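Please open the model in your viewer and set side chains to display as sticks. The tour below goes through the salt bridges, stop by stop.

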Amino acid sequence: MFRKHVQPMVTMMLALIFCAGTWASPSYARAEEVPAVRAEAGNLGLSFTFGGLATTTTGTSEAVNALIFSQVGLRMVLNENLIFPIYLGFGTQIRDRENVDAETDFGLRLGGGLEYHFRIWRRISPFVGGGLLVAVDEPAGDSNWTFGFAITPTMGVEYYIADRVSLIAQYYFNLIFTIQDPVFDFQMGTASGGALTLALYF
C-alpha cells in the first residue's frame, strides 16, 4: 500500500525537477538572451505616434476648431546609427447647416528630421536628433490663416519589443514661430511630456 502511494509522488517530483532543470538550462538562458531583429540599412518603418507620456502637440493628434487629425510617419533607416523620420498630418472639415454660412476647418502638418543612435544594446538604443516642422491652419472664419514653423531638437530611446517592432519614447524642445496676419508670435520650451511612438519596420 505504501509503495502504491509513494511511487506516483516520486515520479511527479522527478518530473518537476526535470522541468525546472530544463527551464534553467544554459540553452534556455541563451535563447532568452538572443536580441530582437533590429531595423537594418535600407529598411522602412511605419510610425504611429500617441499622446504618450503626457499631453503634447508635436507629432500627435491636433485640433483646429472642431477638426481633429493625427499624423502618421515614415522612418527611413540609413544605417545602424542614422534614421531619417518624416511625418504628415492632414485634415479638413466642412460644416454646412441650414440658414448658416458654411464653415471650413483645415489643418496640415509636414515635418522631418534626423536621429543619431549613439549607443546600441541588444534591444535598446538612446538617440539625439532634431527636425523641422511646417504647420498651416485655417479655422472657420475670415482672414485667420495661421502659418507655423518649428525647430525641434529631441532626445529619446528606442526599444525593440519584437523583431522589427519598437516603441520610441522621446522629449522635444520646441522653437516655434507662427504668423497670423497681422500678428507674429514666437514660443520656446519643452513639449509637455514628450511623445510615445510605435514603429514597424519592413
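**Salt bridges, stop by stop**

Select Arg75 to begin: its relative accessibility is 3%, so Arg75 counts as buried (buried means under 20% relative accessible area, exposed over 50%, partly exposed in between, with a 1.4 Å probe and protein chains only). This is a predicted model, in which local features need pLDDT of at least 70 and side-chain atom pairs count only at pLDDT 80 or more, while totals for chains, interfaces and linings use all residues. Residues are numbered from 1 along each chain as its sequence is written, and side-chain values use heavy atoms, with hydrogens and water left out.

Next, add Glu115. Its side chain meets that of Arg75 in a salt bridge, 2.9 Å from N to O (a side-chain nitrogen of Lys or Arg within 4 Å of a carboxyl oxygen of Asp or Glu). The pair links distant parts of the chain, 40 residues apart: Glu115 is in strand β6 (residues 103-117) and Arg75 in strand β4 (residues 71-77). Strands (E, at least two residues) and helices (H or I, at least four) are DSSP runs, numbered from the N terminus.

Now add Glu158, which forms a salt bridge with Arg75, with the closest N and O atoms 3.6 Å apart. Glu158 lies in strand β9 (residues 154-162) and Arg75 in strand β4, so this pair ties together parts 83 residues apart in sequence. Glu158 counts as buried, at 0% relative accessibility. With Arg75, Glu115 and Glu158 selected, you have a network of salt bridges.

Finally, select Arg109 and Asp137, whose side chains meet in a salt bridge (2.8 Å, N to O). Arg109 is buried at 5% relative accessibility, and Asp137 is buried with a relative accessible area of 16%. The whole structure holds three salt bridges.
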